2 protein chains.
Amino acid sequence: MATLEDIGVAAAFNLLSALVFFLAFAILRLQPFNDRVYFSKWYLKGLRTSPSRSGAFVGRFVNLDFRSYLRFLSWMPEALKMPELELIDHAGLDSAVYLRIYLIGLKIFIPITLLAWAVLVPVNYTNNTLKSQLKNVTSSDIDMLSISNIPLGSDRLWTHIAVAYAFTFWTCYVLLKEYEAVANMRLHFLQSEKRRPDQFTVLVQNVPPDPDESVSESVEHFFLVNHPDTYLTHQVVCNANKLAKLVKTREKKQNWLDYYQLKYSRNNAQRPIMKTGFLGLCGEKVDAIDHHISEIEKLSKEITEERERVLKDPKAIMPAAFVSFKSRWGAAVCAQTQQSRNPTLWLTEWAPEPRDVYWPNLPIPYVSLAIRRLIMAVAFFFLTFFFMIPIASVQALASIEGLEKVAPFLRPIIKGFIKSVIQGILPGLVLKLFLIFLPTILMIMSKFEGFISLSSLERRSATRYYLFNFVNVFLTSVVAGSAMDQLNAFINQSTNEIPRTIGVAVPLRATFFITYIMVDGWAGVAGEILMLKPLIIYHLKNFFLVKTEKDREEAMDPGSLGFNTGEPQIQLYFLLGLVYAAVTPALLPFIVIFFGLAYVVFRHQIINVYNQEYESAAAFWPDVHGRIIIALLISQVALIGLLSAKHAAQSAPFLIALIVLTIWFYTFCKARYEPAFVRYPLQEAMMKDTLERAREPNFNLKPYLQNAYVHPVFKEEDEEDEDEFNYKLETESVLVPTKRQSRRNTPVPSKMSGASSPSLSEVAPKHSEPTN
Amino acid sequence: MATLEDIGVAAAFNLLSALVFFLAFAILRLQPFNDRVYFSKWYLKGLRTSPSRSGAFVGRFVNLDFRSYLRFLSWMPEALKMPELELIDHAGLDSAVYLRIYLIGLKIFIPITLLAWAVLVPVNYTNNTLKSQLKNVTSSDIDMLSISNIPLGSDRLWTHIAVAYAFTFWTCYVLLKEYEAVANMRLHFLQSEKRRPDQFTVLVQNVPPDPDESVSESVEHFFLVNHPDTYLTHQVVCNANKLAKLVKTREKKQNWLDYYQLKYSRNNAQRPIMKTGFLGLCGEKVDAIDHHISEIEKLSKEITEERERVLKDPKAIMPAAFVSFKSRWGAAVCAQTQQSRNPTLWLTEWAPEPRDVYWPNLPIPYVSLAIRRLIMAVAFFFLTFFFMIPIASVQALASIEGLEKVAPFLRPIIKGFIKSVIQGILPGLVLKLFLIFLPTILMIMSKFEGFISLSSLERRSATRYYLFNFVNVFLTSVVAGSAMDQLNAFINQSTNEIPRTIGVAVPLRATFFITYIMVDGWAGVAGEILMLKPLIIYHLKNFFLVKTEKDREEAMDPGSLGFNTGEPQIQLYFLLGLVYAAVTPALLPFIVIFFGLAYVVFRHQIINVYNQEYESAAAFWPDVHGRIIIALLISQVALIGLLSAKHAAQSAPFLIALIVLTIWFYTFCKARYEPAFVRYPLQEAMMKDTLERAREPNFNLKPYLQNAYVHPVFKEEDEEDEDEFNYKLETESVLVPTKRQSRRNTPVPSKMSGASSPSLSEVAPKHSEPTN
């Protein structure tokens, strides 16, 4: 077990490395040639332009103003300055609410830390249990402050129960307030937002096949009959997966072509040569530029053919459609009700934002979905419990004893300072390395399960990642041994033995988790701000590929926040904080520092760097809330186990009552707030409809919604046309509202609907205009 | 352990008692003076009149036609004759579907029995394990046919696993088909049914208080705004609980008055005298008739006052209302959507049938509901696990050894035949006696929880009763000892030890459950047809109270089927059958006989006797389905335990896979069929609306719905007026449709709405007529 000195060294080391990261960041971000990496959000918003266009040549790449280096932490207050409303405007509600998770961490743990240090630390420290045993057990100084220092069966343990009650009530109170606040933010956001296609649109899946009608006709007839007053238009879903793949391949080839052309322009003497075989390592030698040009031409032809096939072939039309309504009320009604007798046909749900749709999954039929979910549940079970075999073996190696056993010749080296460093860092690092590749696997699993929006894919991956972390990081670190061993032990242990096993082990592993928090939390967060990977990729791309301003914009794409990896990691800190709150209060300050640091860093990143791909209006909050409550429950179970091992089993009923109350709180919150994240109240919809009708009585919704949900492959090429058209439309409807009358009987200009997809618009509007 | 001889004696005894019951029934039902008890359903339907009106005096009471006694089992084929569609017409869908539960029992267990006897019995019987141990263990002949006879670790156990797969697949197949059939029956029923107020009506609860508006105004404004095209009218809910109580008291007094008057008319010499104190045992002596007349007068006055108070006092108006719509589509939309931003306000759900509403629970607010549910969950936990202490002690007494210990002087008597009888009957009987009072307690608990319809009250009680039965009948009989001991053992046992404990005990308790099936099942069902309690009560009432024909009708009220007690008991047989199917096939024929007998008897009872209070259109089916699947899962877990005790633990993964598949099947069915029982598809609603509009374009819904959901206390007195009015309205609208025009602007005659409750109709219709 690590001593206080080890922890001090590790803390110093990690703080130092964090400081180094911050310094490096301060230096790098001030260099103009990195500007696009560290302020990409502003570039994407068009609010910042390249500083390299003006000034001296050297000044373009290196910042020569030395004063700016002195204020190297100045980004921190800057990051905190932007008020929340502006932040929502700037980065979207998802990001703003995501930051609130860190804020909750602070809100929960600062008072808990204060209370724990004020009450528990004195109660724990004024015992002599450990001192008297000091000779045979190697316990660290930190354990002096923990519950381990309290003698068996002591009445002092009642303090811990009382404090556990206080912690639970405080956590629940914060959670309740926060759930309420986020639900209000979400409703307010949906309410105050501008008109968005997804407010009027419902995704219909599993349209039953009809021998006499095409999918498009069938959809139109169904909704004209069953939603006669509100149905407006619809777009059927095409299976354009192959087309999308072809387009992507062409883009890649185009990139290579650009690269070779740039190379040739720099060195005119020699035309670039390449090999056609595997990875350019074998095969015939050809002229690279000519080869790529001919390849791209071939692909373009294929794309045109495929595009025509998709638009004409009825087999490419999927039994799914985006159905748009004349009002939000109509869409809300359709999304929340069952349409058909058979509840697996005509499945309706709110359409995700157009950006949020995960197109490849739209065509999956219902029965297949049920089977896919079963397969993935089983696969995830095996992944969780058998993935650990390699981790555990490496972890065993990474302990000092393990190292000494495997490589006895290292013994003279591993001493003193180095020993502390290795013991402080290695176990956490090994774990971390293993976890890097996991999110990708989990995301593939979620995709296989058939979710139809990116946000739900990320939410599902996050849930799985959390479970994985819980079993493979928390449980296996607490009760040493692989997850498989855990599983075996838990099956063979009695029900009241399991909490005891966990409870007893929890205080023993406090030092490990403290180092884990420092390595993974502190240093990880500080590393995050450096953006090392995007920085390198950007400069590589910039050097090899970028020719135009548009290329540069694509090169600097910072990606989005990554809810599926970020949130489960934060949850691990909630879990650690809550579990150790009543057991080893010494761990709490580390948690608080983590949340504080992470809050500042991610606020900066969200303001300056990340660019959300989609906006789900904080749909992930129920998951976040639920997981913090799970952490609370686990902490209570562990405390029961610990107390029963401390011969204070008579106190168990009090903690069981606490568990029952916590579960009840969860069900209460679920009933009270979750609907705000799943359904859209009719009152809100009606209010917004009425308001809008009063404001813009002549707005023509149909052209606005007509092509909102066209597959992005079709959209890209029409984008410019469309923008132009939309602009024209808007100005038209504002300036010359009477003109609309004349268009009522002549169909909308066909270049939008007709040219891009005849099948999408072949169902001509047979009903009245949407102005009512 | 009982020998085969014991079981033979018990079976003979129980068959004999069943035969005696049937004979008694045959004799009693042929007597004209019992006619109203055994054919009450027909009387209530007005299809049968008292046979006592004609014929000789003796013939009125005793059937003298001896030929009819010879065909004493003739009711059986008669009961089976009525086709299902006619049965639905005659007794409602609830009853018809209830019968299908027995039918499922036959469908599941007849093939399982055949397969088990064809495969398992030979496999089990051709071993010598038990014979070789016969000297030290007292095992019965039945065990020779069970899995107990197979040696440890034998390869023959694979047969049992294969058969368990076959049983599971067959059961799931039957369940799937049946779920589909019932869902279709339900939709067909809802579709083909006549117009009913609950099709157009939604119950709104938790109307938020408004300082400026009354509840009624607030409701009207809200729905006029948010459902402008479909809102028709509404009725607020009054808290008439006190009024209902007063009316009930008056009825009781009236009954006593009738009794005394009848007594006086028979014996004119002496006026009846009664005491005013507790139960008529103490207090002042008064003239009974005068006393009751004055009491009734006083009550009538109070009732009038209270009625006026309820109608005028705004405090008596509850924040709930029945909101009616112009179309089924509108009601379906409102019932399935969230209305308000705050999901605990303006809660909407389908209104239960007017007969089905449980009025006293309508005024309970949302937060209180959440707390009530918590309290009841905790209370039920304690009820289940601590109720057993007395039962277990009595059961211990009821065993032969227990009896001999307590009363050694009985030893000479308890021998041979008597011993068999006691051992065969007593343990089951004791359990049965204890369970008689339970349903009432559970019903009170459900009422406290705040369900608003009788059907949901019964469903919740049934769920609780099932859980109770599972723990206290099944578990405690399998693993001897009280539920509390069970709980303690299960907490202290390891997770894989629990199935083993159950699994090992299951084959040992086969004989006990066989006797239980005979006593509780066979004899219970045969006793059911006798209707002894209603028969006695009817004759008592007939003798003491009945004066008019209406009194007689009230006296013969047979009650309804009692889903809350009946269904959980059937489920116990499903559980026993499935658990023992692969273990002790000898038990299966007893189960099959039970289901066959019960099906015939209950079909007869439903056709001839019971009168459903309400119609929930088989809303209980998902519960039934779920519980059979739970039984299946328990049987699989028990089998795993048994096999691991048989040293065949390597086969466990196969059964775990079976469990996973069964759970998946459950979730699949839930997603596929449950919506049909919870929601009302818009397509259906629209279809029905359109059809009706085409058939009766001029039907005026508003007066039809105006008073459909008035509290029964108000309704009773207006009943005759209303019938008359309804009749008038119908004939009017058919014969002289143009007359309606003139009524459009003059309000509907006020005698219905105005006279009965001004507050219910004070919101005059401000919008257009509902004809579109």
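# A predicted two-chain model: fold, interface and salt bridges

In chain A, 82% of the contacts with a separation of 6 or more are made between residues that stand 24 or more positions apart. This is a predicted model, and the description below begins with chain A, proceeds to the contact with chain B, and ends with individual side chains. The secondary structure of chain A consists of 38 helices and six strands. Of its 772 residues, 54% are buried. The accessible surface of chain A amounts to about 34,700 Å², and carbon and sulfur atoms account for 63% of that surface.

One residue of chain A serves to illustrate contacts made across the sequence. A:T113 is located in helix α8, which spans residues 93-125 of chain A. With a relative accessible area of 10%, A:T113 is buried, because the limit for that class is under 20%. When neighbours within four places in sequence are set aside, the contacts of A:T113 are A:L588, A:P589 and A:V592. Another pair gives a sense of spacing within the chain: A:T113 and A:N472 are 359 residues apart along the chain, and their C-alpha atoms are separated by 27 Å.

The interface between the two chains comes next. Chain B contributes 48 residues to the contact and chain A contributes 47 residues. Between them an area of about 4,100 Å² is buried, with 59% of it given by carbon and sulfur atoms. How many salt bridges cross the interface of chain B and chain A? The rule finds one. It is formed by the side chains of B:R341 and A:E684, at 3.4 Å from N to O. Polar contacts across the interface of chain B and chain A amount to 15 residue pairs, with both residues at pLDDT 80 or more.

Several helices of chain B build the side that touches chain A. At least two residues each are supplied by α11 (157-192), α13 (215-226), α16 (328-336), α17 (366-386), α23 (483-492), α31 (652-673), α32 (675-678) and α33 (682-695) of chain B. The largest share of this side, six residues, is provided by α31(B). By residue class, the side of chain B that touches chain A comprises 27 nonpolar, 17 polar and four charged residues.

A view from chain A is offered by A:N226, a residue of helix α13 (residues 215-226) of chain A. Which residues does A:N226 contact, leaving aside its neighbours within four places in sequence? They are B:W329, B:L682, B:Q683 and B:M686. The relative accessibility of A:N226 is 2%, so this residue counts as buried.

Salt bridges also occur within the chains. Side chains of opposite charge can pair when their charged atoms come close. Over all chains, the structure holds 32 salt bridges. In chain A, one of them joins the side chains of A:K670 and A:E674 at 3.3 Å from N to O. A:K670 has a relative accessible area of 37% and is therefore partly exposed.

In chain B, the side chains of B:K242 and B:E306 form a salt bridge at 3.8 Å, N to O. This pair links distant parts of the chain, for B:K242 belongs to helix α14 (residues 241-266) and B:E306 to helix α15 of chain B, 64 residues apart. B:E306 is buried, at a relative accessible area of 4%. A further salt bridge of chain B brings together the side chains of B:R328 and B:E692, with an N to O distance of 2.8 Å. Because B:R328 lies in helix α16 and B:E692 in helix α33 of chain B, the pair ties together parts that are 364 residues apart in sequence. Is B:R328 buried or exposed? B:R328 is buried, with a relative accessible area of 0%. Its partner B:E692 also counts as buried, at 16% relative accessibility. In chain A, salt bridges that share partners join A:E84, A:R100, A:K107 and A:E178 into one network.

Helix α15 of chain B, which spans residues 288-312, also holds B:H292. The relative accessible area of B:H292 is 5%, so this residue is buried. Not counting residues up to four places away in sequence, B:H292 touches B:K253, B:W256, B:L257, B:Y260 and B:M274.

Notes. Residues are numbered from 1 along each chain as its sequence is written. Chains are lettered from A and ligands numbered from 1 in the order in which they are written. This is a predicted model: local features need pLDDT of at least 70, side-chain atom pairs count only at pLDDT 80 or more; totals for chains, interfaces and linings use all residues. Side-chain values use heavy atoms; hydrogens and water are left out. Contact means heavy atoms within 4.5 Å. Buried area is the accessible area (1.4 Å probe) that two parts lose on being put together, summed over both. A salt bridge is a side-chain nitrogen of Lys or Arg within 4 Å of a carboxyl oxygen of Asp or Glu. A polar contact is a pair of N or O atoms within 3.5 Å; within protein, one must be able to donate a hydrogen and the other to accept it, and residues adjacent in sequence count only if both atoms are side-chain atoms. Helices (H or I, at least four residues) and strands (E, at least two) are DSSP runs, numbered from the N terminus. Ala, Val, Leu, Ile, Met, Phe, Trp, Tyr, Cys and Pro count as nonpolar, Asp, Glu, Lys and Arg as charged, and the others, Gly among them, as polar. Buried means under 20% relative accessible area, exposed over 50%, partly exposed in between (1.4 Å probe, protein chains only). Accessible areas come from the Shrake-Rupley method with a 1.4 Å probe; for residues, only the protein chains shown count as cover.
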